[in-house]
Amino acid sequence: MPVRIQTEDFDVSREIARLREGNPQIGAVASFVGVVRDLNEGDRVSEMMLEHYPGMIEKSIGAIVDQAKSRWNIYEALVIHRVGTLKPLDQIVLVVVTSAHRGDAFAACEFIMDYLKTRAPFWKKEQTPAGSRWVEARSSDEFAAQRWS
Amino acid sequence: MVTVVYCARLREAFGRTSEQLALPEGLRDVTALRALLRGRGGAWAEELADGKPVRAAVNQEMARGDVAIRDGDEIAFFPPVTGG
C-alpha cells in the first residue's frame, strides 16, 4: 500500500528496503523524513496532536502520488504519515521515491512533500507553555506547491 | 440529506464532527451551504465568516465555492491544512 496513515513509528531503512525489493532497474532512491521540532513561532512545543480527515486523506495523497508518477519517470512512491500525539524528535512523515536516475527521484519526492503540505487534510495542534493552539498554514508552503504548476 | 463534516478548529468550535442535514430547496453549491451554516450565528457566524480561510471538500475532494452539491453528498469544512 503506497499510502499509510498510522499512529506507530516507522523504520526508514526497512521501508526503503521493502520498496526496492526485487527491482534491479532502480538506480536511485530519494527520501524525506519530517520530524517534530521543539520550537514553533518562537514558542516551546512540548507535544503535538495530528488530526486527519479519514477517507479523504488516502484519496488525496493517492492522487498526489499518481500526479508524481505521471510527471516523472519513477517506479514506486511511498508515503507514511503519522497521526495522534507526537513529541519533539518524533518522526511525522516519510516519503520515498524510487527511479532509474536521481533527478526524477529528487524532484518527485519534493513535489509529493510540497503537495502533501498544502492539499492533504491533516491538521496540527501544538502544546506550548501558553496552552494548546492550532498551527496556522504558512504562505511559504503554498508558494512551494505553486512552483510545480 | 447530506452529511456535513467538520475538522480541526471547526470541529472544536462547533462541538461536532459531523451532522446530517436536509438540503433546503434551491441550495446549489458549497458557498450557499456555508452561508446557511453561518446563519446559525455564534461560533458558526464567526468561524465561517467571509474572509476567514475555510476550505471545503465535496465527496472527499477539495472543492471551491462554486462546486455543486446534491442529496447524498458528503461536504466537509476545515481550516487550511497543516500536515507534513
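This report walks through the fold of chain A, its nonpolar core, and one helix of chain B. Please keep in mind that the model is predicted.

**Chain A as a whole**

Chain A holds four helices and ten strands. Read from the N terminus, its elements follow the order β-α-β-β-β-β-α-β-β-β-α-β-β-α. The radius of gyration of chain A is 16 Å, close to the 15 Å that the globule rule gives for 149 residues, so the chain is as compact as a globular protein of that length. Its C-alpha trace spans about 50 × 35 × 30 Å along the principal axes. Of the 149 residues in chain A, 32% are buried. If you look at contacts in chain A with a separation of 6 or more, 76% of them join residues 24 or more positions apart.

**The core and helix α3 of chain A**

The largest nonpolar core has 52 residues, and those with the most contacts inside it include A:Ala77, A:Val97, A:Ala108, B:Cys7 and B:Ala76. Helix α3(A) gives the most to this core, with seven residues.

A good place to zoom in is A:Cys109, which sits in helix α3 (residues 102–119) of chain A. Why does A:Cys109 count as buried? Because 23 C-beta neighbours lie inside 10 Å of A:Cys109, and the cut-off for a buried residue is 20 or more. A:Ser31 is 78 residues away from A:Cys109 along the chain, yet their C-alpha atoms are separated by 6.6 Å.

The table lists the contacts of A:Cys109 and of A:Ala108, leaving aside neighbours within four places in sequence.

| Residue | Contacts beyond four places in sequence |
|---|---|
| A:Cys109 | A:Ala30, A:Ser31, A:Phe32, A:Val95, A:Val97 |
| A:Ala108 | A:Ala68, A:Trp72, A:Ile74, A:Ala77, A:Val97 |

A:Val97 appears in both rows, as a contact of A:Cys109 and of A:Ala108. A:Val97 and A:Ala77 are also among the residues with the most contacts inside the core.

**A helix in chain B**

Now over to helix α2 (residues 30–38) of chain B: which of its residues are buried? They are B:Val30, B:Leu33, B:Arg34 and B:Leu37. Seen down the axis of α2(B), these buried residues fall within an arc of 100 degrees, so they line one face of the helix. The general geometry helps here: an α-helix has 3.6 residues a turn, so residues three or four places apart point the same way. The cover over the buried residues of α2(B) includes α3 (42–47), β3 (55–58), β4 (61–63) and β5 (74–78) of chain B.

Technical notes. Residues are numbered from 1 along each chain as its sequence is written. Chains are lettered from A and ligands numbered from 1 in the order in which they are written. This is a predicted model: local features need pLDDT of at least 70, side-chain atom pairs count only at pLDDT 80 or more; totals for chains, interfaces and linings use all residues. Helices (H or I, at least four residues) and strands (E, at least two) are DSSP runs, numbered from the N terminus. A residue is buried if 20 or more other C-beta atoms lie within 10 Å of its own, exposed if 12 or fewer, and partly exposed in between; C-beta atoms are placed from the backbone. Two residues are in contact if their C-beta atoms, placed from the backbone, lie within 7 Å. The arc is that of the directions from the helix axis to the C-beta atoms. The radius of gyration is taken over C-alpha atoms; the globule rule is 2.2 Å times the number of residues to the power 0.38. A nonpolar core is a set of buried Ala, Val, Leu, Ile, Met, Phe, Trp, Tyr and Cys residues joined through C-beta atoms within 7 Å.
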